[in-house]
Every structure is written in structure tokens, then in C-alpha cells.
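Student: Could you take a close look at one part of this protein with me? I'd like to see how a single residue sits in its surroundings, and then how that spot fits into the rest of the chain.

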Amino acid sequence: MARSTQEIFDASVAEGIRLANDANLPDVAAMFANTSRVAVWKILFWAVAFIIHSLEVIYDLFRAEIDDRVLQLKAHSARWYAEKAKLFQYGYNLIPETDGYDNSGLSEDQIAASKIVAYAAVVEQERGIRIKIAKIIGGDLGPLAADELTAFEEYMEQIKDAGIKLLITSGVADDLKTTLRIFYNPLVLNSAGGRIDGIDPRPVQAAFQRYLKNLPFNGIFAPMLMVDQLQSVDGVVLVQDDLWQARYGALDFNGIDVEYNPDSGYLRIADVDLDASLTFIPHSVI
């Protein structure tokens with residue numbers, strides 16, 4: 001950023017005094033004591049400072065122009081698309097020929113309410129990129145409504161790089177099925193998995209749901225890590241997982257071996273009542 005003429009002048013004077021003192025040139029140092037507005041040294045120093053300031057302004061303009069050209073020529077990254085997806089404002093038009101909004105006159109609450117895309121992930125494909133998005137519905141992830149998705153698709157079409165094909169999806173959560181045997185310490189938990197002391201009636205179920213909700217959007221679900229999470233619950237001795245299956249859309253359930261990447265970007269238990277998937281068996285502490 002260009003310095004002001006005064007900043008350059010002051011720095012030059014300070015450096016001149018330092019050099020004169022270091023070189024033991026009292027006559028030169030005395031010159032700087034003449035603070036008259038028409039002192040020859042001051043006129044010369046100010047003229048040079050003005051020229052340097054002008055050059056720095058030109059350099060700043062040149063750099064801004066180069067940066068703008070590079071931005072226009074450079075293809076954007078997957079991260080850029082994901083971040084831009086979350087900046088979408090439902091119900092508002094873009095500034096013409098730009099990828100931004102004019103939010104003057106809008107309150108922070110209005111702006112926040114219009115940004116309906118809470119999560120976005122970009123997956124590179126052979127012929128373009130896929131953008132998965134979700135919003136918050138009732139404290140959990142959910143798909144955009146039809147009108148919202150249509151508006152978002154138009155927004156992305158206007159800001160995307162030329163020639164890039166986009167596949168935009170916003171669906172319900174992939175379904176997860178499981179059958180688990182929970183071996184528990186009968187001194188801590190009861191036959192329904194609740195704490196005997198009454199602090200938490202469903203600690204295992206809560207840990208299960210918490211693990212799914214805390215997975216990164218479009219993150220990998222690993223059954224082994226889920227088992228680790230459940231075995232960390234106070235009172236749980238062992239967890240035997242007998243079944244892990246998942247599906248997206250109306251497809252059939254398929255078994256999960258090591259990991260599963262949800263097509264929608266997030267995963268939720270298919271059973272209405274998770275308790276039906278859990279069998280609690282008393283077991284001594286190992």
C-alpha cells in the first residue's frame with residue numbers, strides 16, 4: 001500500500017539525520033535544524049518524497065489490475081465453490097456482472113436469515129463438479145425446498161467459471177441400519193441402557209446420535225469409530241456390531257464394510273426408534 005508523501009518525507013529526514021551523525025558531519029546535521037518552509041533541503045526532500053509516493057500509487061494500481069486479471073483468468077478451486085455456496089442469499093439478486101450482493105440497507109439478521117445454505121461440499125467429477133448442499137431444519141440437517149434449490153442453481157450458474165458443468169444436489173439424509181449388542185455394567189446401567197442414578201435415561205442412544213451429527217458434512221462414516229464412541233460411554237463394557245447397512249434415496253440397503261461416504265452428505269439412523277436396533281446384555285467389567 002502506498003505511503004503518504006508526509007510519511008516518506010519524515011522517514012527520509014530521520015534517515016538523513018542518522019547518516020549525518022554516523023558520519024560525524026555536523027554541518028550536514030545542522031542543515032536539518034533549519035525548519036523554514038522554504039529551506040532548500042526541505043524542498044528537495046519533499047519533491048523526492050512526492051515522486052516516491054506517486055510511484056508507489058502507480059505500483060498499487062498496477063498490482064490491483066494484475067490481480068484482477070489473474071482472478072478472471074484463473075479457474076476457481078473446489079473450496080471457492082463451497083464457500084460461495086454458503087454465501088448464497090435466498091430472495092436477493094446479485095450485483096450485475098459480479099458474484100456478490102449489495103446488502104446496504106439490510107440488517108445483520110436479514111442477511112443471516114437469507115443465507116440458507118448451512119453446509120456445502122464439492123466433489124470433482126470427470127465432467128465438472130458436484131455440489132452437495134444442506135440447510136438447518138429443526139436443529140438438524142435437511143434438504144433445500146424446491147424453490148430454494150432452483151434459486152441456488154441459478155445463482156451458481158451466474159458465478160461459476162465458464163465451461164464448468166455443475167451437478168447440484170440437496171437431498172434427505174442417507175439411511176443407516178444397524179444391529180448392536182451392548183454389554184453393560186449392571187452396577188451403572190439398567191436393562192434399557194439408562195443410568196441407574198437417573199442422570200441420563202439413554203446415554204448410549206445419545207452417543208450414537210451425537211456421533212452421526214458431529215460427522216463433517218460429506219465426511220466418512222466408519223463403523224469402528226462409532227463402536228469406539230459407544231464403548232466410551234460410562235457403563236458400557238463391550239459393543240458387538242452385528243449389522244451395518246446404508247442406502248441413499250430409494251435404493252436397496254447395502255452392507256458397510258470399512259467405511260461409507262453418504263451420497264447426500266450426511267447420514268441418519270433409518271429406524272424411527274433406535275432402541276429397536278440395540279440389545280442390552282449385562283456383563284461384568286473386564
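Tutor: Let's start with one serine, S264, then move along the chain and finish with the overall picture. Keep in mind that this is a predicted model.

So, where is S264? You'll find S264 in the loop between β7 (254-255) and β8. Being in a loop doesn't put S264 out in the open here: its relative accessibility is 9%, and the cut-off for buried is under 20%, so S264 counts as buried.

What does the side chain of S264 reach? One partner is the side chain of D174, with a polar contact at 2.9 Å. Another is the backbone oxygen of Y266, which lies 3.0 Å from a polar atom of the S264 side chain. So much for the polar partners; now the wider set of neighbours. Leaving out residues up to four places away in sequence, S264 touches K132, G171, V172, A173, D174 and F217. D174 therefore turns up in that contact list as well as in the polar contact.

F217 gives us a handy stepping stone, as it is one of the residues that S264 touches. Go on to N218, which belongs to the loop between α7 and α8 (223-231). N218 is buried, because its relative accessibility is 17% and the limit is 20%. Its backbone is worth a glance too: phi of N218 is near 65°, a positive value in a residue other than glycine. Most residues other than glycine have a negative phi.

E97 makes a nice companion to that one. Phi of E97 is also near 65°, again positive without the residue being a glycine. E97 is in the loop between α4 (78-86) and α5 (108-114). Is E97 buried or exposed? With 83% relative accessibility, E97 counts as exposed, whereas N218 counts as buried.

Back to the serines, and on past β8. S277 is in the loop between β8 (267-269) and β9 (278-282). Like S264, which is buried at 9%, S277 is buried, with a relative accessibility of 5%. The S277 side chain has a backbone partner as well: it reaches the backbone oxygen of T178 at 3.3 Å. Carry on into strand β9 and you come to P282. Setting aside residues up to four places away in sequence, P282 touches Y184 and P186. For a sense of distance, take P282 and K84: they are 198 residues apart in sequence, and their C-alpha atoms are 51 Å apart in space.

Now for a couple of helix residues. A206 is in helix α7 (residues 203-214), and at 29% relative accessibility it counts as partly exposed. From A206 to L251 is 45 residues in sequence and 28 Å in space, C-alpha to C-alpha. F45 is in helix α3 (residues 40-73), and this phenylalanine is partly exposed too, with a relative accessible area of 24%. Apart from neighbours within four places in sequence, F45 is in contact with F9, S12, V13 and F32. How far is F45 from I256? The two are 211 residues apart in sequence, and the C-alpha to C-alpha distance is 76 Å.

With those distances in mind, step back to the chain as a whole. The protein chain has eight helices and nine strands. Its radius of gyration is 32 Å, well over the 19 Å that the globule rule gives for 286 residues, so the chain is more spread out than a compact globule. Along the principal axes, the C-alpha atoms fill a box of roughly 95 × 50 × 40 Å.

What share of the residues is buried? Of the 286 residues, 36% are, S264, S277 and N218 among them. As for contacts, take those between residues at least 6 apart in sequence: 67% of them join residues at least 24 apart. The accessible surface comes to about 17500 Å², and carbon and sulfur atoms account for 56% of that. On the charge side, there are 25 positive and 40 negative charges, and their mean positions are 1 Å apart.

To come back to your serine: S264 is a buried loop residue, with its side chain in polar contact with the side chain of D174.

Conventions. Residues are numbered from 1 along each chain as its sequence is written. This is a predicted model: local features need pLDDT of at least 70, side-chain atom pairs count only at pLDDT 80 or more; totals for chains, interfaces and linings use all residues. Side-chain values use heavy atoms; hydrogens and water are left out. Helices (H or I, at least four residues) and strands (E, at least two) are DSSP runs, numbered from the N terminus. The radius of gyration is taken over C-alpha atoms; the globule rule is 2.2 Å times the number of residues to the power 0.38. Buried means under 20% relative accessible area, exposed over 50%, partly exposed in between (1.4 Å probe, protein chains only). Contact means heavy atoms within 4.5 Å. Accessible areas come from the Shrake-Rupley method with a 1.4 Å probe; for residues, only the protein chains shown count as cover. Lys and Arg count as positive and Asp and Glu as negative; His and the chain ends are not counted. The place of a charge is taken as NZ of Lys, CZ of Arg, CG of Asp or CD of Glu. A polar contact is a pair of N or O atoms within 3.5 Å; within protein, one must be able to donate a hydrogen and the other to accept it, and residues adjacent in sequence count only if both atoms are side-chain atoms.
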